[in-house]
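Work through the exercises below with the model open beside you. Try each task before reading its solution.

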There are 2 protein chains.
Amino acid sequence: MAGGSGTRFWPASRAHRPKQLLPLGGGTESLLAATVARIAPIVPTERTLVVTAAVLADATRRELPSLPAENLLAEPSPRNTAPCIGWATRTILARDPEAIIAVLPSDQHVDDPAGLRASMQSALEVAKVRALATIGIRPTRPDTGFGYIETGGFVPEVDGAHEVSRFVEKPDAARAREYLASGRFLWNSGMFFFRARAMDEAIRAHLPELARGLDAMIGDAAVREVFPALPSISIDYGVVERVGATPGQVGVVPGDFGWSDVGSWESAWELAAKDDAGNALPEGAIAVDARRNLVRLEGSARGKQVALVGVEDLVVVETDDALLVLPRGRAQDVRAVVEALKAKGRNDLL
Amino acid sequence: MAGGSGTRFWPASRAHRPKQLLPLGGGTESLLAATVARIAPIVPTERTLVVTAAVLADATRRELPSLPAENLLAEPSPRNTAPCIGWATRTILARDPEAIIAVLPSDQHVDDPAGLRASMQSALEVAKVRALATIGIRPTRPDTGFGYIETGGFVPEVDGAHEVSRFVEKPDAARAREYLASGRFLWNSGMFFFRARAMDEAIRAHLPELARGLDAMIGDAAVREVFPALPSISIDYGVVERVGATPGQVGVVPGDFGWSDVGSWESAWELAAKDDAGNALPEGAIAVDARRNLVRLEGSARGKQVALVGVEDLVVVETDDALLVLPRGRAQDVRAVVEALKAKGRNDLL
């Protein structure tokens, strides 16, 4: 899934250059390219489908030169994740009715790719014996920014896998602390695993309007006509939680592979290569008595001489047309800037 | 005097674009252009001479389109202020042997130009009855960055003017507090006033080597040959203090016209137009919960959308090739960056 837009990495991320196309994982590779490369040992790129927005199709192809042309699905307009996954599932079913599918967000980072692949292989095993499987991330802090999964008993067929007892929405701080302390809760990673046929059935059962739309989407013209009218609904709310309401339908594999959803400039700093003083700076930057700062130069700003003196815990991002400065601890407040730009009608900067 | 180079406004100031050519006084005019305009009511531009470095001659002419070509003196190499003033004095003497000269630095700011002109007119009166006159700034804080002038009795011929009792070098903090408390000390502004003939005599008496060099400097070729070999010495040390060693030779007019030597990015912030939160930002900037910051965009960086969130008391300066971030209170530490660039051999950035 590579259709996301988003504002949390403004000014580097823009409508035409969203987060998954940016190298935010600490290297020079975009999050999308890193995601495809990371799973290639178990899902060859010839069998990887990328679903993105039509406006991002060209940029996405450039990012993935080895992706076969027919493996890129371009959504005419954004309809959330259920139509995205529904369309991909139908496309895969037509190629291989026995396929088992792994759905992965394209804008996450993983420190230990081998660990991720091991968890994926367990989850694909679970998908053979359950309607759905997911990977839940072992929480390391009482984060209120994620949905949680409560684990139940073991899935007997797959070592280490659990039944999902329930999915819960983003909790408040007190509840997040309880969840962490209980040891029974995992973060919802947004990764799903299923037999193509099982998902098709689940969509027919729980989202019949979507199923009818997908039935009509034969050929590019039909996609352009029908897709924009599909119900805009998430796979979590529309399918996963509804299937999971019946006990024994959904399994979860606990994962522990240095996962990050790369949610803000704060995470980008965490993932970046840093000097001894904790600064993540462009090559050749001068830092005098400066600590734990992130400076990113994009576009024509690349190559500028950066000099920091006596500043700490700042994020500084410069692009062709914008310059952002804020404390790392307020990385979420980039939203306030984006809102202000919207209010001023500066869509050229979004 | 417009020959200064300097590093305190890096990255905006460069070897080829020093402080006096930058608009650091709060408006859009360079400090040099503002200086010439400020005194024009009493010293018309046709009688204003500008002495600058040969490498800055073109930029200086562009900054002062109404300056007659013959009023720009271009020094082949920097030799401090005594050769600069000596050359200008000889040039003026040749045009008008009775001239009285006002020497002004070109990189200062004045809030109250009429007040400055009134003080200048008093100082020019003092210059008629003394070997030298100067304007001393009434101190507003125990600054250790300026030389001080101790005042003696009144100059009877000019209302409000004092004899200079002595010139003192930049004091330490304790002494600066004493000077301020005493009420008898003024800051040395670097402005001097004298009859052209009196200065010529003073140079012959105290800097005979300089006088001989000036005698030989007839014609452009001679300037190019002789000027670089003149003794490099300041007018303060070489002439003013020596003349002032004899009582009754130097008078001073106390000045109180919102003077600033524009010594650092901190002063630039003080002089700049600011919003209600004390931010001096480019037009259209977005400031969310941000206070008392200075952001300057130069060259191709102009017009960028600036966004500040939750930061206070920062200086951010961006040029075509550099980006500086430091707290306002550490503005002096720009020097550390310049030293680091020199050490790396990055003269292209200086």
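The exercises that follow concern a predicted model.

**Exercise 1. Find the unusual peptide bonds.**
Locate the cis bond at A:Pro11 and its counterpart at B:Pro11, and place each proline in its chain.

Solution.
1. Start from the background: most peptide bonds are trans.
2. In chain A, the bond from A:Trp10 to A:Pro11 is cis, with omega near 5 degrees.
3. A:Pro11 sits in the segment before α1 (31-39) of chain A.
4. In chain B, the bond from B:Trp10 to B:Pro11 is cis, with omega near 5 degrees.
5. B:Pro11 falls in the segment before α1 (31-39) of chain B.

**Exercise 2. Check two backbone angles.**
Which sign does phi take at A:Asp313, and which at B:Arg292? Decide how exposed A:Asp313 is, then do the same for B:Arg292.

Solution.
1. Most residues other than glycine have a negative phi.
2. A:Asp313 has a positive phi, about 55 degrees, although it is not a glycine.
3. Its place is the loop between β13 (305-309) and β14 (314-318) of chain A.
4. Count its neighbours: 16 other C-beta atoms lie within 10 Å of A:Asp313, so this residue is partly exposed.
5. B:Arg292 also has a positive phi, near 55 degrees.
6. B:Arg292 belongs to the loop between β11 (286-288) and β12 (294-297) of chain B.
7. Here the count is 15 other C-beta atoms within 10 Å, so B:Arg292 is partly exposed.

**Exercise 3. Describe the domains of chain A.**
How far apart are the C-alpha centres of domain 1 and domain 2 of chain A, and how many residues of each are in contact?

Solution.
1. Take the bounds: domain 1 of chain A covers 19-260, and domain 2 covers 265-349.
2. Their C-alpha centres lie 31 Å apart.
3. Five residues of domain 1 of chain A contact five residues of domain 2 of chain A.
4. Sort the domain 1 side of this contact: one residue is nonpolar, four are polar and none is charged.

**Exercise 4. Enter the nonpolar core.**
Which residues have the most contacts inside the largest nonpolar core? Trace what A:Ala133 touches.

Solution.
1. The largest nonpolar core has 207 residues.
2. Those with the most contacts inside it are A:Ala133, A:Val325, B:Ala133 and B:Val325.
3. Leave out residues up to four places away in sequence; A:Ala133 then touches, among others, A:Ala123, A:Phe193, A:Phe194 and A:Val252.

**Exercise 5. Order a sheet built from both chains.**
What is the strand order of the open five-stranded sheet, and which helix of chain B packs on it?

Solution.
1. The order is β11(A)-β13(A)-β15(B)-β14(B)-β12(B), with mixed pairing.
2. The edge strands are β11 (286-288) of chain A and β12 of chain B; each pairs on one side only.
3. The twist averages 5 degrees from one strand to the next.
4. β11(A) and β13(A) pair in the parallel sense over three bridges.
5. In that pair, A:Val288 stands opposite A:Val309.
6. Helix α11 (residues 334-343) of chain B packs on the sheet, touching β11 and β13 of chain A and β15 (322-327) of chain B.
7. The direction of this helix makes about 135 degrees with that of β11(A).

**Exercise 6. Follow β6 of chain B.**
How many bridges join β6(B) to β8, and how many to β7?

Solution.
1. β6 (residues 148-154) and β8 (residues 185-195) of chain B pair antiparallel over three bridges.
2. B:Glu150 stands opposite B:Phe185 in β8(B).
3. Five bridges join β6(B) to β7 (residues 162-168) of chain B, also antiparallel.
4. B:Phe154 stands opposite B:His162 in β7(B).

Technical notes
Residues are numbered from 1 along each chain as its sequence is written. Chains are lettered from A and ligands numbered from 1 in the order in which they are written. This is a predicted model: local features need pLDDT of at least 70, side-chain atom pairs count only at pLDDT 80 or more; totals for chains, interfaces and linings use all residues. Helices (H or I, at least four residues) and strands (E, at least two) are DSSP runs, numbered from the N terminus. A residue is buried if 20 or more other C-beta atoms lie within 10 Å of its own, exposed if 12 or fewer, and partly exposed in between; C-beta atoms are placed from the backbone. Domain bounds come from an automatic or database domain assignment. Two residues are in contact if their C-beta atoms, placed from the backbone, lie within 7 Å. Ala, Val, Leu, Ile, Met, Phe, Trp, Tyr, Cys and Pro count as nonpolar, Asp, Glu, Lys and Arg as charged, and the others, Gly among them, as polar. A nonpolar core is a set of buried Ala, Val, Leu, Ile, Met, Phe, Trp, Tyr and Cys residues joined through C-beta atoms within 7 Å. Two strands pair if DSSP finds at least two bridges between them. Axes are lines fitted to C-alpha atoms, for helices over the stretch in contact, and angles run from 0 to 180 degrees between N-to-C directions.
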